[in-house]
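Please examine the sequence and the three-dimensional structure shown below before reading on. The report then proceeds from the whole chain to selected strands and residues.

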Amino acid sequence: MNHLKQLSLAFLFFAVLTESFSQVDTTRFTNHGPQLFASMIQGSVFAKDQHGNDLIYTVVRGEPAHLLGYDLKTRELILDQALPKADGAWDLAQSSDGTLYAPGANGSLFAHIPGTQEVKDLGVVLEGETYLWNLSSGADGEVFGATYPGCRVFRYHPKEGFSDVGKGPLVENENYVRSLAFYPKTGMLYAGVGSKAHLIEINPKTGEKKELLPEKFKDFEFVYGLEIVPGLDGNDRLFALITNGSITLVYNLKTREFEQEIQGMDMRAIAGENSGRAVYYTSKSDLMSFDPAQSVETAQKLAEGVGTALAFNIGTDGKVYFLTSGANLISYDPKDNLLEKTKLQIPGQPIPIHSLLTAPDGKIWSGGYLAGGNATFDPKTGTHTFLPGLDQTEAMSVLGDQIFFGVYPKGKFYVYDSKSKWMPKENNPKFLGQKEGQSRSFAQVSIPERQLLVFGMIPEYGKLGGAMVTYDLAKEELKFFDSPVDKQSIATLAYTGTYVLGGTTISGGLGKNPETKEAVLFAWDPTTGQTLFDTVPVPGASALTGLIKGPDGNFWGMGDGTLFIFDPVERKVIFTQKLYDFPPFKSHIWRSAFLVLHPDGNIYGTDWEKLFKLDPLTKEVTQLTKNAALLVMGNDGTLYFKRGTELWSYRP
């Protein structure tokens, strides 16, 4: 084939390719950039480099997260390296050969040699394990790690690679190994499991397992933290934090008995003197110490208001060093009771957008994932404003000039008077209350004619059944109602004019497998809290999401890629049609499709990583772009969605 002919064919191919994508005008898309930034640090550890220099490492959340290293003497930043595709790391550990390890993204593990600038991705630890929690260094250069969702423990050795320590789940039907501690004197490994608590002793060489947790704690959620401290005469002790009670159990590794239960101990990190005479910890922001052989009632308060420790170390100089969640590096000298504090400079990182809202003034609000915080974007001026003070916002709603927030963790509710200044410390936004046993409020609907907000909930870890919540604006009253559909949670809500219409998900809190097979559409009376009726619009769908009032006055929603239309008067589903393929159910689904009825007559939506247009008459779907999630419409009809940390807009 001659050169001219090759060029002609190439041009023809390019022309055909260009024509096939011409229906989407890319100039209609605008990237407004990251909206939220944070300097939230997570996994932290004191370490030494190859020359014996003392260092402190931490991970700052972001997309991507960054591994940061500081010189302990100078407090200077000596390492700032991205952890590709990771948004954070809950733990760090230095092995006996000096290698620093960090859990990464999609179940992978990172390695770093202190004193160098390189971070290496070692790959996925165990097939099917998508998240790593605690790490613990073992013997001879090995490191152990805790995984989700398979409730497994892996071992990594530089010469031998990865292996499955427990040869499968440590506990059947559980998802989390949340904490680990290796005991070098016996070579045994201790693992904390959830979302129903277990404390497992495991022999990493044989895989043999033994349950240690006392029976009375079996209905608790997690063994969330584990630490081992030295004791006199070999009476070393394992400290184990049990959540939904904040109880730390003290287990004597020599006598194999539980000695005491401690309330209020921060268990992200503690440290014990080699002499065995003292253990250091933080509690309610105070630095505390006591002899682990004695009752915690003998504990002394060494310093007030220091914060929550993420990592502890007792130096060769006898000083106690610790890094707090507020990035304060603190040294405490027990000899003269002298405390010194240095604020580490943590480079802020963009964090994922987790929720979106169009406010009464036309600004686009966003909420940040995990690190929390909120931000506004003014489409008229292009101005971004960061608003700190709230934890992770799951969803927002507007009623009049007030903005309501459903906040994780612990199912909290806040209201903000948008006519006044954002001042969280001065009660704006104001805390309204929370529901015990409930965690997240993704589903919300505002009913102006009733001066009422209605929230649908996802329960806490290890639980099924999402509650309903109402807030009466006139009475300033928050009311809670039991789950309208047994063993299902609330994924979407709409108001028909006479009753609330809701769609469920078969999922509950993390760590709990569904016990039902298909999601339900239900009608709910917000006055009485009674479920009026329910139906299954999409047989086999794991979640119903995206409920809106459609152009025909009926209610449109999605169930695992299938459109359904519900007549609220006749109380029946009048139409269903599969629009696109949807992935099979895995661990959970809380929200999926977001739909908006646009003034141009079309319905726009995001679902399963795409932005699409739906013609209400023909039901034809046009994909507009990939990598899109969440969706709100601005006052001028512009559509806003997110791509990770970035806010994007599309002008139909």
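The following sections describe the chain as a whole, then two groups of strands and two individual residues.

## The chain as a whole

The model discussed here is predicted. The chain contains one helix and 58 strands. Its C-alpha trace spans about 80 × 80 × 50 Å along the principal axes. A compact globule of 652 residues would have a radius of gyration near 26 Å, and the value for the chain is 27 Å, so the two agree.

Of the 652 residues, 56% count as buried. The area that the chain exposes is about 28,200 Å², and carbon and sulfur atoms supply 48% of this area. Among contacts in the chain with a separation of 6 or more, 46% are accounted for by residues 24 or more positions apart.

## Strand β20 and its partners

Strand β20 comprises residues 237–242 and is mostly covered, as six of its six residues are buried. In general, the side chains of a regular strand alternate between the two faces of the sheet. In β20, R237, F239 and L241 point one way, while L238, A240 and I242 point the other way. Residues of both sets are buried.

Which strands pair with β20? Strand β19 (residues 223–229) runs antiparallel to β20 and is joined to it by six bridges. Within this pair, V223 stands opposite I242. Strand β21 (residues 247–252) also pairs with β20 in the antiparallel sense, over six bridges. Here L241 of β20 stands opposite T248 of β21. The hairpin of β20 and β21 has four residues between the strands, and in it N244 takes a positive phi near 50 degrees.

## A buried serine and a partly exposed lysine

S179 lies in strand β15, which covers residues 176–183. Is S179 buried or exposed? Its relative accessible area is 0%, and a residue counts as buried when this value is under 20%, so S179 is buried. The side chain of S179 reaches the backbone oxygen of V223 at 2.8 Å. Apart from residues up to four places away in sequence, S179 touches N134, Y190, A191, G192, V223, Y224, G225 and L226.

K210 is found in strand β18 (residues 209–211). With a relative accessibility of 45%, K210 counts as partly exposed, because the value lies between the limits of 20% and 50%. When neighbours within four places in sequence are left aside, K210 is in contact with L199, I200, E201 and R256. K210 and T243 are 33 residues apart along the chain, and their C-alpha atoms are separated by 21 Å.

## An open sheet of four strands

Strands of a sheet pair through backbone hydrogen bonds, in either a parallel or an antiparallel manner. One open sheet of the chain has four strands in the order β36-β37-β38-β39, and its pairing is antiparallel. Why do β36 (392–399) and β39 (430–434) each have one side without a neighbour in the sheet? Both stand at the edges with a single partner strand each, and therefore one side of each is left without a neighbour. Direction ignored, neighbouring strands of this sheet are turned by 25 degrees against each other on average.

The pairing of β36 with strand β37 (residues 402–408) is antiparallel and has seven bridges. Within it, V398 has I403 in β37 as its bridge partner.

Definitions and conventions. Residues are numbered from 1 along each chain as its sequence is written. This is a predicted model: local features need pLDDT of at least 70, side-chain atom pairs count only at pLDDT 80 or more; totals for chains, interfaces and linings use all residues. Side-chain values use heavy atoms; hydrogens and water are left out. Buried means under 20% relative accessible area, exposed over 50%, partly exposed in between (1.4 Å probe, protein chains only). Helices (H or I, at least four residues) and strands (E, at least two) are DSSP runs, numbered from the N terminus. Two strands pair if DSSP finds at least two bridges between them. Contact means heavy atoms within 4.5 Å. A polar contact is a pair of N or O atoms within 3.5 Å; within protein, one must be able to donate a hydrogen and the other to accept it, and residues adjacent in sequence count only if both atoms are side-chain atoms. Axes are lines fitted to C-alpha atoms, for helices over the stretch in contact, and angles run from 0 to 180 degrees between N-to-C directions. The radius of gyration is taken over C-alpha atoms; the globule rule is 2.2 Å times the number of residues to the power 0.38. Accessible areas come from the Shrake-Rupley method with a 1.4 Å probe; for residues, only the protein chains shown count as cover.
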